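Here are a few exercises to work through with the model open beside you. Try each task before you read its solution.

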Amino acid sequence: MKRKSPFRVVVTGGAGYIGSHVVKLLVREGHEVLVIDNLSTTSGENLKYGRLAIVDLSEEEKVFNLLKDFKPQVVIHFAAFIVVPESVEKPLKYYYNNVGNTLRLLSAMKRAGIENLIFSSSAAVYGIPERVPVTEEDPLKPISPYGESKAMVEKILRDMDLAGEIKYISLRYFNVAGADPEGELGPTYHQPSHLIIRALKAAKGELPFLEIYGTDYPTPDGTCIRDYIHVTDLAKAHLLAMEYLVREGESQVLNCGYGRGYSVKEVIETVRKITGVNFEVREGKRRPGDPPVLIASNKKIKEILGFKPEFEDLEIIIKHTWEFEKRR
Ligand SMILES: NC(=O)c1ccc[n+]([C@@H]2O[C@H](COP(=O)([O-])OP(=O)(O)OC[C@H]3O[C@@H](n4cnc5c(N)ncnc54)[C@H](O)[C@@H]3O)[C@@H](O)[C@H]2O)c1
């Protein structure tokens, strides 16, 4: 990607899985990056680029001082808790961090005079969509506290935009997967909950078996269907969003997916093929908060940002993740 103009960018949650891939691209493109992360859900081993301030977003004064001194043109906000079933069990934990601490960040941004934000939203805001592929105009009916927390922040951003307090792009990620094609970064969650990573851990023998959460969904093979987007394609979408926001000054809400879905059983077969390991699979019960099918319409992000995916292939996504996982 060709650099257009260098920015100073604050990345909250930049030590995490997706954030670290974005930070790498930002630094490669010549942007100056300050990461704010409390290292709560990741070890920090992915943070190879940019400066790190180990700060919790609940510490509003510290965040304000960092913003005031660094004077970023844009804040990219990844920091959140992300495990849907855990959010059902511990809603307060999720609302406190994902909504409460976002309010503190927004307040610090306002006080420091910073008005551009890229927000990590999620397909979870749609709940069980009435149709697929789901478009940005479809109703938001989240079915988990995690999804609610993202929808609430989107509402707050809309109101602040209407009041002239912020310009934002909310990127609604579908299922993010894959690893840096150069092999440097990848998923490093303390407690991995995503299907592809868990399947690879089962292939490595780090999990005794892989459990499928529900085989009685109204889908062709009874398992949930998801739209998997490669983390490096998603990272590029953030850079395009940042350029757009600063250039056009117009808020947007954009789906990030490929518009194609794979069932859990299809993913498992592909993981078995790539790894050559026939790991054990057990059929379990449905988990709360899981819609049967989630597939993005990506027409809008292609039109508005000129987004062109490079790794739109489940085998490549799994291959890159496997190469990273094997070295861990
Ligand atoms: N992974 C996915 O498939 C997916 C899908 C949709 C949306 N998202 C969103 O993308 C964002 C990033 O997800 P990820 O997969 O990289 O998760 P991650 O857990 O790897 O990254 C989150 C980072 O935020 C940090 N963090 C959390 N709370 C913090 C706080 N209060 N103060 C400072 N730092 C804090 C964590 O330490 C971690 O480094 C999240 O907002 C998530 O909701 C992810």
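The exercises below concern a predicted model, and each one comes with a worked solution.

**Exercise 1. Find the side chains that make polar contacts with the ligand, and work out how much of the ligand the protein covers.**

Step 1. Begin with the residues around the ligand: there are 30, and those that come nearest are Asp-37, Thr-41, Phe-78, Tyr-146 and Tyr-189.

Step 2. Look for N or O pairs within 3.5 Å. The side chain of Asp-37 has an N or O atom 2.6 Å from a ligand oxygen. Thr-42 places a polar side-chain atom 2.9 Å from an oxygen of the ligand. For Asp-56, the partner is a ligand nitrogen, 3.4 Å from an N or O atom of the side chain.

Step 3. Turn to the cover: on its own the ligand has 830 Å² of accessible area, and the protein covers 97% of this.

**Exercise 2. Describe the make-up of the shell around the ligand.**

Step 1. Sort by element. Two or more residues each come from helix H1 (17-28), helix H4 (91-112), strand E5 (116-122) and helix H5 (145-162). The largest share, 3 residues, belongs to E5.

Step 2. Sort by residue class: 15 are nonpolar, 12 polar and 3 charged.

**Exercise 3. Examine H4: what is its span, and which elements do its buried residues pack against?**

Step 1. Compare the span with expectation. H4 has 22 residues and reaches 30 Å from first to last C-alpha, close to the expected 32 Å.

Step 2. List the buried residues, using under 20% relative accessible area as the cut-off. Among them are Tyr-94, Asn-97, Asn-98, Val-99, Leu-105 and Met-109.

Step 3. Find their partners: the buried residues of H4 pack against strand E1 (8-12), helix H2 (60-70), strand E4 (74-77), helix H3 (84-89), E5 and H5.

Step 4. Check what follows the helix. Just after H4, Gly-113 has a positive phi of about 75 degrees.

**Exercise 4. Locate the unusual backbone geometry in the loops named below.**

Step 1. Recall the background: most residues other than glycine have a negative phi, and most peptide bonds are trans.

Step 2. In the loop between strand E2 (32-37) and strand E3 (51-54), find Leu-39. Its phi is positive, near 55 degrees, and Leu-39 is partly exposed at 25% relative accessible area.

Step 3. Move to the loop between H2 and E4, the place of Lys-71. Lys-71 has a positive phi near 50 degrees and is exposed, with a relative accessible area of 52%.

Step 4. Finish in the loop between E5 and H5, where Pro-133 is found. The peptide bond from Val-132 to Pro-133 is cis, with omega near -5 degrees.

Technical notes:
Residues numbered from 1 in each chain as written. Predicted model: local features only at pLDDT ≥ 70, side-chain atom pairs only at ≥ 80, totals over all residues. Heavy atoms only, no water. Near = heavy atom within 4 Å. Polar contact = N/O pair within 3.5 Å; in protein donor to acceptor, adjacent residues only side chain to side chain. Areas by Shrake-Rupley, 256 points an atom, 1.4 Å probe, with all protein chains shown as cover. Helix = DSSP H or I, 4+ residues; strand = E, 2+ residues; numbered from the N terminus. Nonpolar A, V, L, I, M, F, W, Y, C, P; charged D, E, K, R; others polar. Expected span 1.5 Å × (residues − 1). Buried < 20%, exposed > 50% of the residue type's maximum accessible area, 1.4 Å probe, protein only. Contact = heavy atoms within 4.5 Å.
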